[in-house]
Each structure stands twice: as structure tokens, then as C-alpha cells.
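Trainee: I am new to this structure and would like a careful look at a single part of it, the nonpolar core. Could you take me through that part in one connected answer?

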Amino acid sequence: MSKTLIEHLEAHLGTTAGGWGERDGIQVLRFPDQPEKGVDTYCTLGLSRSTLSMNGGRAVRQELLVSVLDSYDAMDVASFLLTFAEHVCAQGQALLRGDIV
């Protein structure tokens, strides 16, 4: 049986402590104290519904994941990640390892 993306995330990051948005079908989830105490991890949910182009005619699906100190305002981090995910989706280009964005 195949896991949903949320089940996969929660299996590796613990239970989500909230979510923001749904703009263009994309949300942001927060996982507190992951990967360690004092650090929160945020992940998009829904970006992977869109295929993104790569070199050589290949296409991939991606979600964005970022970890920040928990002293940063959660709403600001979620807003940034949601806006960035919308930008990536609108560009239609996959983010590649080593890309500076």
C-alpha cells in the first residue's frame, strides 16, 4: 500500500503542528522541533501536483523543505515558502541541486 505524502512526511518529521495557505493548491506545513529541538521544519504540500521541467526534456515533481530556528515568526516563514513555491510553479522549471535561488 502506498503512503500519502502527508503520511510520509509525518513518518520522518513527526506530527504536523499546523498549516497555512492554500493558494493555487499549495499549502505549507510546520513540523516543530525537527530535525532537533529549537528548529522547525516547513514543507510545501501541493507543489508536486505540477510537473517541472529539467534539462534534456525530463520532468519532475518537487516539494520544498526548509528548516529554521524556531525564533523566526512561523507566519513569515510560511508566507515566504508559499510565495516561493508559487514562483517555482509559475516558472515551470525544477530546482536543481546546487541552484542558487
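Mentor: What follows begins with the setting, turns to the core, and ends with a loop.

This is a predicted model, in which local features need pLDDT of at least 70 and side-chain atom pairs count only at pLDDT 80 or more, while totals for chains, interfaces and linings use all residues. Residues are numbered from 1 along each chain as its sequence is written, and side-chain values use heavy atoms, with hydrogens and water left out.

The protein has two helices and six strands, where helices (H or I, at least four residues) and strands (E, at least two) are DSSP runs numbered from the N terminus. Along the sequence they follow the pattern α-β-β-β-β-β-β-α. The radius of gyration, taken over C-alpha atoms, is 14 Å, close to the 13 Å that the globule rule (2.2 Å times the number of residues to the power 0.38) gives for 101 residues, so the protein is as compact as a globular protein of that length. Buried residues make up 33% of the 101 residues; buried means under 20% relative accessible area, exposed over 50%, and partly exposed in between, with a 1.4 Å probe and protein chains only.

In soluble globular proteins, nonpolar side chains tend to be buried together. A nonpolar core is a set of buried Ala, Val, Leu, Ile, Met, Phe, Trp, Tyr and Cys residues joined through side-chain atoms within 4.5 Å. The largest one here has 16 residues, of which V28, Y42, L47 and L64 touch the most other members. Both β2 (26–31) and α2 (74–91) supply at least two residues of this core, and α2 gives the most, with seven residues. If we leave aside its neighbours within four places in sequence, L47 is in contact (heavy atoms within 4.5 Å) with I26, Q62, E63, L64, A85, V88 and C89. Apart from the largest core lies another, of six residues, including L9, L13, F31 and C43.

After β2, the loop that leads to β3 (39–45) holds P35, and D33 lies in that loop too. A cis peptide bond joins Q34 and P35, with omega about 15 degrees, and phi of D33 is near 55 degrees, a positive value in a residue other than glycine. Most residues other than glycine have a negative phi, and most peptide bonds are trans. D33 counts as partly exposed because its relative accessibility is 33%.
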